[in-house]
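Let's take a friendly walk through the pockets, salt bridges and aromatic pairs of this protein. Have the structure open as you read.

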Amino acid sequence: MRFEFVADEHVKVKTFLKKHEISKSLLAKIKFSGGSIQVNGKKQNAIYLLDVGDKVVIDIPAEEGFSSLCAVEKELDIVYEDEHFLVLNKPAGVASIPSVNHSNTMANFVKAYYISKHYENQQIHIVTRLDRDTSGLMLFAKHGYAHARLDKQLQKKIIEKRYYALVKGSTPLKSEGDIIAPIAREDRSIITRCVAKNGKYAHTSYKVLAHYGDIYLVDIHLHTGRTHQIRVHFSYIGFPLLGDDLYGGSLTDGITRQALHCHSLRFYNPFHKEVVNKSSPIPEDFQAVIQKLSNKKE
């Protein structure tokens, strides 16, 4: 892929490109794997000294897909796509990446999609993952440079994700609030997490949208991205998610997967210099539970 820049200071090429989040490893790939750097139409190296106004063009080699990742054909619910990014609506029950237990995953489906489209870059770059039973929006970068630029946004907390959840508790839930509690891996488990003093800082904000007796529909904003953060935090305050038996959630209220859906995704597209803000409607299994609870209230 080709990217063009105009130098705005008198520095070496590598120093200038670092400002545009071209890493040392990417520069090495350009140098040794068939890419190129041109300044004003002439090939140059990374230590060439730029003048203000110089036109810098980099050609990044194509990325081959990993042979260990099998392509599996599956219709995708595409919410947004350009030459750099792909946003999909993931159904519940599908893992993000392959594991010992899961081979029909979003990564497998996206690989098949890339092959069918004959895309130059075939590697799968997942920017935002979702747990297998969480539905909603997932963000993919379509090449390594795009992934690197979004990783910077993740570090700076520029990417915003919001979730719907159905939670249940024995006491009233405040209309809105913040849950700030450190999260660590539970002893003797490689899966479950818990609130623990020695854990990593975790911050979750929420607002109640509706309630049906002891069940609440909440809108959640993640300020950090710890494993199982929403599930752990709401269990910690006594309001586990419906269907989430791993963290104490009820399995008798009409939904048997964790009632969690990523409904909003907002990020900055640095290539088109615009904010991308996408949404996903509340899923059918949520609607069925809400309808049943609403009928009981009438």
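Are Asp244 and Arg231 buried or exposed? Both residues are buried. Please keep in mind that this is a predicted model. Asp244 and Arg231 form a salt bridge, with their closest N and O atoms 2.8 Å apart. Asp244 sits in the loop between α5 and β15 (260-269), while Arg231 belongs to helix α5, so the pair links distant parts of the chain, 13 residues apart.

**Salt bridges**

Across the whole structure, a search finds 13 salt bridges. Another of them joins Arg162 to Asp219. Because Arg162 is in strand β9 and Asp219 in strand β14, this pair ties together parts that lie 57 residues apart in sequence. Their surroundings can be compared with the cut-off for burial, which is under 20% relative accessible area. Asp219, at 13% relative accessibility, therefore counts as buried, whereas Arg162, at 23%, counts as partly exposed.

Arg132 and Asp133 also meet through their side chains in a salt bridge. Here Asp133 is buried at 17% relative accessibility, and Arg132 is partly exposed at 36%.

The three pairs can be set side by side:

| Salt bridge | Closest N to O distance |
|---|---|
| Asp244 and Arg231 | 2.8 Å |
| Arg162 and Asp219 | 3.5 Å |
| Asp133 and Arg132 | 3.5 Å |

Salt bridges with shared partners also join Asp8, Glu9 and Lys19 into one network.

**The largest pocket**

Now to the open spaces. The largest pocket has a volume of about 1400 Å³. Its lining comprises 44 residues, and those nearest its centre are Arg129, Leu130, Asp131, Thr227 and His228. Where does this pocket lie with respect to domain 2 (62-156) and domain 3 (161-262 + 288-296)? It lies between them, because both domains give residues to its lining.

Several helices and strands contribute at least two residues each to this lining: β7 (125-128), α4 (144-155), β9 (160-168), β14 (215-222) and α5 (229-236). Some of these elements have already appeared above, as β9 holds Arg162 and β14 holds Asp219, and α5 holds Arg231. By residue type, the lining divides into 14 nonpolar, 17 polar and 13 charged residues.

**The second largest pocket**

The second largest pocket has a volume of about 410 Å³. It is lined by 17 residues, with Lys14, Lys24, Leu27, Ala28 and Ala46 closest to its centre. At least two lining residues come from each of α1 (13-19), α2 (24-32) and β2 (36-39). Which of the elements gives the most to this lining? That is α2, with five residues. The lining holds seven nonpolar, six polar and four charged residues.

**Aromatic pairs**

The count of aromatic pairs comes to 12. One of them, formed by Phe3 and Tyr145, is edge-to-face, with 5.1 Å from centre to centre and 80° between the planes. Since Phe3 lies in strand β1 (residues 2-6) and Tyr145 in helix α4, the pair ties together parts 142 residues apart in sequence. Phe3 counts as buried at 8% relative accessibility, and Tyr145 is buried too, with a relative accessible area of 2%. Both rings belong to a cluster in which ring pairs link Phe3, Tyr80, Phe85, Tyr145, Phe267 and Phe271. Helix α4, which carries Tyr145, is also one of the elements that supply at least two residues to the lining of the largest pocket.

Notes. Residues numbered from 1 in each chain as written. Predicted model: local features only at pLDDT ≥ 70, side-chain atom pairs only at ≥ 80, totals over all residues. Heavy atoms only, no water. 1 Å grid on protein atoms, 1.4 Å probe; cavity = no way out; pocket = protein on both sides within 12 Å on 5 of 7 lines; lining within 4 Å. Points joined across faces, edges and corners; volume = space filled by probe spheres on them. Helix = DSSP H or I, 4+ residues; strand = E, 2+ residues; numbered from the N terminus. Nonpolar A, V, L, I, M, F, W, Y, C, P; charged D, E, K, R; others polar. Domains from an automatic or database assignment. Salt bridge = Lys/Arg side-chain N within 4 Å of Asp/Glu carboxyl O. Buried < 20%, exposed > 50% of the residue type's maximum accessible area, 1.4 Å probe, protein only. Phe/Tyr/Trp six-rings, centres within 6.5 Å; stacked < 30°, edge-to-face > 60°.
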